[in-house]
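Me: I'd like to learn how to read a model like this one, feature by feature. Can we start with salt bridges?

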Amino acid sequence: MRSGLPKRRSRNRRWDTTGALLDEPAAGRLLDLAAVFGNARPVEIEIGSGKGTFLLARAAARPELNFLGVEYARAYCHYAADRVRRAGLPNVRLLQAEAGHFFRTALASGTVWRVHIYFPDPWPKRRHYHRRLIQPAFAAELRRTLKPGGQLICTTDHLAYFLQIRRVVQATKGLGRILSPRSACFGGRSVITNFERKYAAQGRVFYSIAGLRYI
């Protein structure tokens, strides 16, 4: 589903991730976000950051915020980190990790201001539904790690998955659905992802939802 990475200039060339790529925290240790960024500014996390298009554009537009991209695929994560380094963005870090495990084991409660999830894998076959990221257990972790007033923002082009996400958000105690996903509750999001650009060109319909931690 993902478009390919640009070819490297030579067979031996590696992406330079210096200063942008984090090591996954050791088992039993929480990630100190203030130490990672060197300040206590609010942190936004994008799950499935891919090539980093959204992260780079939003971080450049919002220098008063910190951004962490969590990407499972090593090649995409390292490529995005190389882009961050070349762009000279001090408020962005990348981490190669499985998002569910990372949120469950490495994030302290009430430490994240906003979580972005754009076009997560819908796993459309019924026998694969259990592989979808947004399930009740993960939604509970989102609620736990968000600050009070913090937000979840999710967009998908898959209607069945959207309906599941909506049910999960509505059923998660302390994570209320925001009824106007195109309003300012989305943090003034104006940049788009690679998938968003591609799918828009194909005429696909997008479904968006926002959740707010209220307790």
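Reply: Sure. A salt bridge here is a side-chain nitrogen of Lys or Arg within 4 Å of a carboxyl oxygen of Asp or Glu. Keep in mind that this is a predicted model. A good case to begin with is Arg 114, whose side chain meets that of Glu 44 in a salt bridge at 2.3 Å, N to O. Arg 114 lies in strand 5 and Glu 44 in strand 2, so the pair ties together parts that are 70 residues apart in sequence.

Me: Are Arg 114 and Glu 44 buried or exposed?

Reply: The cut-off you need is that buried means under 20% relative accessible area. Arg 114 counts as buried because its relative accessibility is 5%. Glu 44 is buried too, with a relative accessible area of 1%.

Me: How many salt bridges does the structure hold?

Reply: There are 8 salt bridges in the structure. Some sit within one helix, and there the general idea is helical periodicity. An α-helix has 3.6 residues a turn, so residues three or four places apart point the same way. Take Arg 85 and Asp 82: both lie in helix 3 (residues 74–87), 3 residues apart, or about one turn of the helix. Their salt bridge has its closest N and O atoms 3.0 Å apart. Arg 85 is partly exposed at 32% relative accessible area, whereas Asp 82 is buried at 0%.

Me: Which residues of helix 5 are about one helical turn apart and paired like that?

Reply: Look at Arg 144 and Glu 141, whose side chains meet in a salt bridge (2.8 Å, N to O). They are 3 residues apart in helix 5, which means a separation of about one helical turn. Arg 144 is partly exposed, with a relative accessible area of 22%, and Glu 141 counts as buried at 18%. Elsewhere, salt bridges that share partners join Asp 16, Asp 82, Arg 85 and Arg 86 into one network.

Me: Now a charged residue without a partner. Which side chain of opposite charge is nearest to Arg 213, and how far away is it?

Reply: That would be Glu 141, 10 Å away; Arg 213 is buried yet has no salt bridge. With a case like this, check what else the side chain reaches. The side chain of Arg 213, a residue of strand 8, gets to the backbone oxygen of Ile 215 at 2.5 Å. Leaving aside neighbours within four places in sequence, its contacts include Gly 110, Arg 143, Arg 144, Lys 147 and Leu 175.

Me: How do I read a helix that has one side packed away? Which residues of helix 6 are buried?

Reply: Start with the length as a sanity check. At 1.5 Å a residue, the 13 residues of helix 6 (residues 159–171) should span 18 Å, and the end C-alpha atoms are 18 Å apart, which agrees. The buried residues of helix 6 are Tyr 161, Phe 162, Gln 164, Ile 165, Val 168 and Val 169. They cover an arc of only 160° around the axis, which puts them on the same side of helix 6. Arg 167 and Ala 171 are exposed on the other side. What covers the buried residues includes helix 5 (136–145), strand 6 (146–156), strand 7 (175–178) and strand 8 (207–213).

Me: And a buried strand residue, say Ile 47? What does Ile 47 touch?

Reply: Ile 47 is found in strand 2 (residues 43–47) and counts as buried at 7% relative accessibility. Not counting residues up to four places away in sequence, Ile 47 touches Val 70, Ala 99, Phe 103, Val 115, His 116, Ile 117, Tyr 118, Leu 133 and Phe 138. For a sense of sequence against space, Ile 47 and Ala 97 are 50 residues apart in sequence and 9.7 Å apart C-alpha to C-alpha. Across the protein, residues 24 or more positions apart account for 81% of the contacts with a separation of 6 or more.

Me: Last one: backbone angles. Where is Phe 119, and what is its phi?

Reply: Phe 119 sits in the loop between strand 5 (112–118) and helix 5. Its phi is positive, about 55°, although Phe 119 is not a glycine. Trp 123 is found in the loop between strand 5 and helix 5 as well, with a positive phi of about 40°. Phe 119 is buried at 7% relative accessibility, while Trp 123 is partly exposed at 27%.

Methods:
Residues are numbered from 1 along each chain as its sequence is written. This is a predicted model: local features need pLDDT of at least 70, side-chain atom pairs count only at pLDDT 80 or more; totals for chains, interfaces and linings use all residues. Side-chain values use heavy atoms; hydrogens and water are left out. Helices (H or I, at least four residues) and strands (E, at least two) are DSSP runs, numbered from the N terminus. The expected span of a helix is 1.5 Å times one less than its number of residues. Buried means under 20% relative accessible area, exposed over 50%, partly exposed in between (1.4 Å probe, protein chains only). The arc is that of the directions from the helix axis to the C-beta atoms. Contact means heavy atoms within 4.5 Å. Lys and Arg count as positive and Asp and Glu as negative; His and the chain ends are not counted. A polar contact is a pair of N or O atoms within 3.5 Å; within protein, one must be able to donate a hydrogen and the other to accept it, and residues adjacent in sequence count only if both atoms are side-chain atoms.
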